Amino acid sequence: MKFIDMHCDTLMPFVNCDEYSLYSNNSQVDFLKMKKGDALAQFFAVFFPPMKNFAEKGLENMTDELYFQLLTNGFYRELEKNSDIIAFAGNLNDIERNAKDGKMSAILTIEDGRIIDGDLNMLNKVYERGVRAIALTWNFENCFGYPNSLEKDIMRKGLKDFGIEAIEKMNDLGILVDVSHLSDGGFYDVAKYSKKPFVATHSNARSISPHQRNLTDEMIKVLAEKGGVTGLNFAPQFMDADITATHTPISNIIKNAKHIVNVGGIDCLGLGTDFDGIGGTQEISDSSMLPILWDSFAKAGFHESEIEKITHKNVLRVIKETMK
């Protein structure tokens, strides 16, 4: 069965390693693992870490613009080197054409839209570079709004004026709005102002795991009403009732999946593994092992048509409705 994974952080090593390979590596995602798992498409995120991380690695002169260039250069270089098995996709037509040609698809995204820096023209620039989804925030305030937080005052804050303006621009361009990591107030503003479906690329159910990164039942319902999808995140602390957990068994994935479907319906669930961006260990430890999960879904009572929606069809629908 085909799959679409809405989030991985596999591009990060390109910041300081020109020889890094997406074809085969020691990460949780590479082209060979994707092929073994029967991938239809993988979202590859350009994740912007705190600037202090660059200094700690001896990269004091790193800027967001240079970082973005390094990671996207590596992304496109690896697609060119492996053009027999994978190609860029910016919309549904690209995915379907690639599949017809026997190729997987690679979709470029941003995690933490801070590079936009309050400039709507930067949305044009990143779109032209191939970006088709943006997680508005990570764990810090930026030009769009505020992050998930243990501080209730921050969690209640909505989008900034620029964030509201940017949502309209992203809708018009064909950039998918991603609310993973966003404050609760920001989530509801996206639901209010976005004219198109939006996603939480890698977030689970807060009723199962009370981590602030997850979605409340009310959020899941709103997301479903807007035609959106949340992607199951395999990080232990986002999957378990104990947010200090360090291992994700398949049973926790099934538990979150069942809850989200019970609350929002089968059409609002997808995959967002967060591979190469999470700690701990996972029973499904890389892309090649995902077919084991499909068997577990079936044993848990999901019908084949429902599993197909979770694995790829729900995300394909959102891509059709949002990306140009």
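Strands E5 and E6 (residues 176-178) pair in the parallel sense over 3 bridges. Within this pairing, Ala133 stands opposite Leu176 in E6. The model described here is a predicted one.

**Strand order around E5 and E4**

Strand E5 spans residues 131-135, and because 5 of its 5 residues are buried, it is largely enclosed by the rest of the structure. E5 also pairs with E4, again in the parallel sense, over 4 bridges. In that pairing Thr109 stands opposite Ala133 in E5. The connection from E4 to E5 passes through helix H5 (residues 120-128), and this β-α-β crossover is right-handed. Ala133 thus has a partner in each direction, with Thr109 opposite it in one pairing and Leu176 of E6 in the other.

**Strands E1 and E2**

Strand E2 (residues 39-47) is mostly covered, with 9 of its 9 residues buried. E2 runs parallel to strand E1 (residues 3-5), to which 3 bridges join it. Ile4 has Ala41 as its bridge partner in E2. Between E1 and E2 the chain crosses through helix H1 (residues 31-37), and this β-α-β crossover is right-handed. E2 is joined to E4 as well, by 7 bridges, and these two strands run parallel. Here the bridge partner of Ala41 in E4 is Ser105.

The strand pairings are collected below.

| Strands | Sense | Bridges |
|---|---|---|
| E1 and E2 | parallel | 3 bridges |
| E2 and E4 | parallel | 7 bridges |
| E4 and E5 | parallel | 4 bridges |
| E5 and E6 | parallel | 3 bridges |

**Ser105 in strand E4**

Ser105 is found in strand E4, which covers residues 104-111. Ser105 counts as buried because its relative accessibility is 0%, and the cut-off for that class is under 20%. The side chain of Ser105 is joined to that of Asn98 by a polar contact of 2.9 Å. Leaving aside neighbours within four places in sequence, Ser105 is in contact with Leu40, Ala41 and Gln42, with Ile86, Ala87 and Ala89, and with Asp94, Ile95 and Asn98. Ala41 therefore appears both in this contact list and as the bridge partner of Ser105, and it counts as buried along with the other residues of E2 under the cut-off of 20%. From Ser105 to Phe14 the C-alpha to C-alpha distance is 20 Å, and the two are 91 residues apart in sequence.

**The loop between E7 and H9**

Thr201 is found in the loop between strand E7 (199-200) and helix H9 (217-225). At 3% relative accessibility, Thr201 counts as buried. Its side chain makes a polar contact of 2.6 Å with the side chain of Asp178. Not counting residues up to four places away in sequence, Thr201 touches Met6, His7, Asp178, Ser180, Gly231, Leu271 and Gly272.

Arg206 is found in the loop between E7 and H9. Arg206 counts as buried because its relative accessibility is 18%, and the limit is under 20%. The side chains of Arg206 and Asp184 make a polar contact of 2.9 Å. Among the residues that Arg206 touches beyond four places in sequence are Met155, Asp184, His211, Asn214, Leu215 and Met219.

**Internal cavities**

The structure holds 2 cavities of 30 Å³ or more. About 50 Å³ of space lies in the largest cavity. This cavity is lined by 14 residues, of which Val179, Leu182, Arg213, Asn214 and Leu215 are the closest to its centre. Asn214 and Leu215 are also among the residues touched by Arg206.

Note on methods: Residues numbered from 1 in each chain as written. Predicted model: local features only at pLDDT ≥ 70, side-chain atom pairs only at ≥ 80, totals over all residues. Heavy atoms only, no water. Buried < 20%, exposed > 50% of the residue type's maximum accessible area, 1.4 Å probe, protein only. Contact = heavy atoms within 4.5 Å. Polar contact = N/O pair within 3.5 Å; in protein donor to acceptor, adjacent residues only side chain to side chain. Pairing = 2+ DSSP bridges. Right-handed = clockwise from strand over helix to strand, strands pointing away. 1 Å grid on protein atoms, 1.4 Å probe; cavity = no way out; pocket = protein on both sides within 12 Å on 5 of 7 lines; lining within 4 Å. Points joined across faces, edges and corners; volume = space filled by probe spheres on them.
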